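User: I am new to this structure. Please walk me through how to read its features.
Analyst: Gladly; here it is.

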Amino acid sequence: MKKTQKIKKKVNDFLYDHLLLREVLSGTKTLFLSILAAIIFAVGFTCFVTPPDDSGLTIVTGGVSGLAQNIFLFLQICGLKNINIYDAQSIFYTVINIPITIFAYIFIGKKFAIYSVINVVTSSIFISLIPKWGISTTIATSAFIQDETLVRVLFAGMCTGVSSAIAFAGDFSCGGIDIFTYYFALKKSTSVGKYAVLFNGVIVTLHGVLLFASVPSQWEQPIVATLFSAVYLFIVSLIIDSINVRNKKVQLQIISSSVYMSDILIAYFPHGATLIKGKGAYSGEERNIITMVVSSSEVKMVVRVAKKVDTHAFIAVTPLIQVFGNFFIKPVE
């Protein structure tokens with residue numbers, strides 16, 4: 001373990017001395033994550049969300065992809081029956097994301113917007129190509145998937161959730177509503193998933209209305225589709241909030257005999273702390289009680305630094321729902 005940490009430290013020190021190389025490696029990593037997230041989403045959509053050849057109930061994804069599904073369904077109601085759903089989804093998904101990406105470029109960050117565009121374009125390409133390769137037909141008609149709508153909902157939610165979580169972890173998005181939820185989550189300093197559910201509920205409801213309008217005689221189909229779509233959105237939200245730790249806050253209470261503990265923690269981390277003088281109930285010795293709020297991703301590092309200062313320090317970790325006031329979050333570029 002110590003050997004691994006030493007190697008990691010040497011690599012980090014080398015990269016800090018070679019800024020251009022660090023930028024290239026960082027950009028390559030983000031590009032890889034962007035393409036990976038796009039492929040996962042495309043597989044989930046073509047294989048589980050909208051099965052080929054009407055091999056099952058269509059699930060509404062919500063967000064911009066769900067809005068694209070609604071546009072496609074509306075065109076079918078208007079009489080345009082000969083449109084390929086995957087090609088239409090690719091086109092609508094890209095076009096709708098153009099103004100949203102401009103919003104991201106202005107209000108969130110340039111790199112965020114660029115890698116989000118790469119993700120959206122890649123997703124659109126693979127949504128169009130995967131069915132032509134026959135992958136979606138093979139998966140959708142397999143014995144484990146065919147006629148098992150709940151299984152499809154589970155896999156579809158996992159694909160979309162993991163895709164969005166990878167995007168958030170890489171400081172970009174999968175486009176669409178993810179950009180707005182990311183923006184609001186940064187402003188509100190809270191979890192992302194609940195904002196996605198709020199937006200997506202409108203999309204799912206609209207799809208149910210359009211589905212009823214297309215086939216009024218089969219009134220039960222919109223209800224079933226809406227219920228399964230709600231389960232899908234719940235799974236997506238759960239996975240995003242489980243993996244994405246950027247906006248999760250944790251309160252640390254560090255009890256130590258070291259008088260330098262608070263100064264060292266403030267020097268290492270961009271957060272404030274509250275220092276309270278206390279006394280051990282058993283030993284009667286003076287103790288410093290330091291309360292500090294950090295991001296979930298910083299907890300291990302804070303504990304490591306605190307233990308180096310005082311090996312006998314007592315540290316309590318408490319997850320927080322939301323933080324009000326000034327809390328530093330690394331800005332998105």
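**Salt bridges and beyond**

Analyst: D87 and K132 form a salt bridge, with their closest N and O atoms 3.8 Å apart. A salt bridge here is a side-chain nitrogen of Lys or Arg within 4 Å of a carboxyl oxygen of Asp or Glu. D87 lies in helix α4 and K132 in helix α5 (residues 110-133), so the pair ties together parts that are 45 residues apart in sequence. Helices (H or I, at least four residues) and strands (E, at least two) are DSSP runs, numbered from the N terminus.

User: What kind of model is this, and how are residues numbered?
Analyst: This is a predicted model: local features need pLDDT of at least 70, side-chain atom pairs count only at pLDDT 80 or more, and totals for chains, interfaces and linings use all residues. Residues are numbered from 1 along each chain as its sequence is written, and side-chain values use heavy atoms, with hydrogens and water left out.

User: Are D87 and K132 buried or exposed?
Analyst: Start with the scale. Buried means under 20% relative accessible area, exposed over 50%, and partly exposed in between (1.4 Å probe, protein chains only). D87 is partly exposed, at 27%. K132 is exposed, at 59%.

User: How many salt bridges are there?
Analyst: The count is two. R287 forms a salt bridge with E285, and there the closest N and O atoms are 3.2 Å apart. R287 has a relative accessible area of 22%, so it is partly exposed. E285 is partly exposed too, at 44%.

User: How do I read the length of helix α4?
Analyst: Compare its span with the expected one. The expected span of a helix is 1.5 Å times one less than its number of residues. Helix α4 (residues 85-107) has 23 residues. From first C-alpha to last it reaches 33 Å, close to the 33 Å expected.

User: Where does α4 have a kink?
Analyst: At I98, shortly before the proline P99, and the kink is about 40°. The bend at a residue is the angle between axes fitted to the seven residues ending there and the seven starting there.

User: Which residues of α4 are buried?
Analyst: Among them are Y86, A88, F92, Y93, I96 and A104. Polar names appear as well, including Q89, S90 and N97.

User: Which residues form the nonpolar patch on the surface?
Analyst: First, the rule. Patches are made of residues with over 30% relative accessible area and no salt bridge; like charges are joined within 9 Å, and nonpolar side chains (Val, Leu, Ile, Met, Phe, Trp, Tyr) within 5 Å. Here the patch is formed by I91, V95, I98, I102, Y105, I106 and F107. Together they have about 720 Å² of accessible area. Such areas come from the Shrake-Rupley method with a 1.4 Å probe; for residues, only the protein chains shown count as cover. F107 lies in helix α4.

User: How many disulfides does the structure hold?
Analyst: A disulfide is a covalent bond between the sulfur atoms of two cysteines. The cut-off used is a pair of cysteine sulfur atoms within 2.5 Å. The structure holds zero disulfides. C47 is in none, and the nearest cysteine sulfur, that of C159, is 7.8 Å away. C47 is buried, at 0% relative accessibility. C174 is buried as well, at 7%.

User: What is the phi of D171?
Analyst: Most residues other than glycine have a negative phi. Phi of D171 is near 60°, a positive value. D171 sits just after α7, in the loop between α7 and α8 (177-188). D171 is partly exposed, at 24% relative accessible area.

User: What span should helix α7 have?
Analyst: Helix α7 (residues 149-169) has 21 residues and should span 30 Å at 1.5 Å a residue. Its end C-alpha atoms are 30 Å apart, which agrees.

User: How far apart in space are L154 and I235?
Analyst: Read two distances, one along the chain and one in space. L154 and I235 are 81 residues apart in sequence and 7.2 Å apart in space, C-alpha to C-alpha. L154 lies in helix α7 and is partly exposed, at 40%.
The C-alpha atoms of D310 and S258 are separated by 6.5 Å, with their positions 52 residues apart along the chain. D310 lies in the loop between α12 (299-309) and β4 (314-320). D310 is buried, at 9% relative accessibility.
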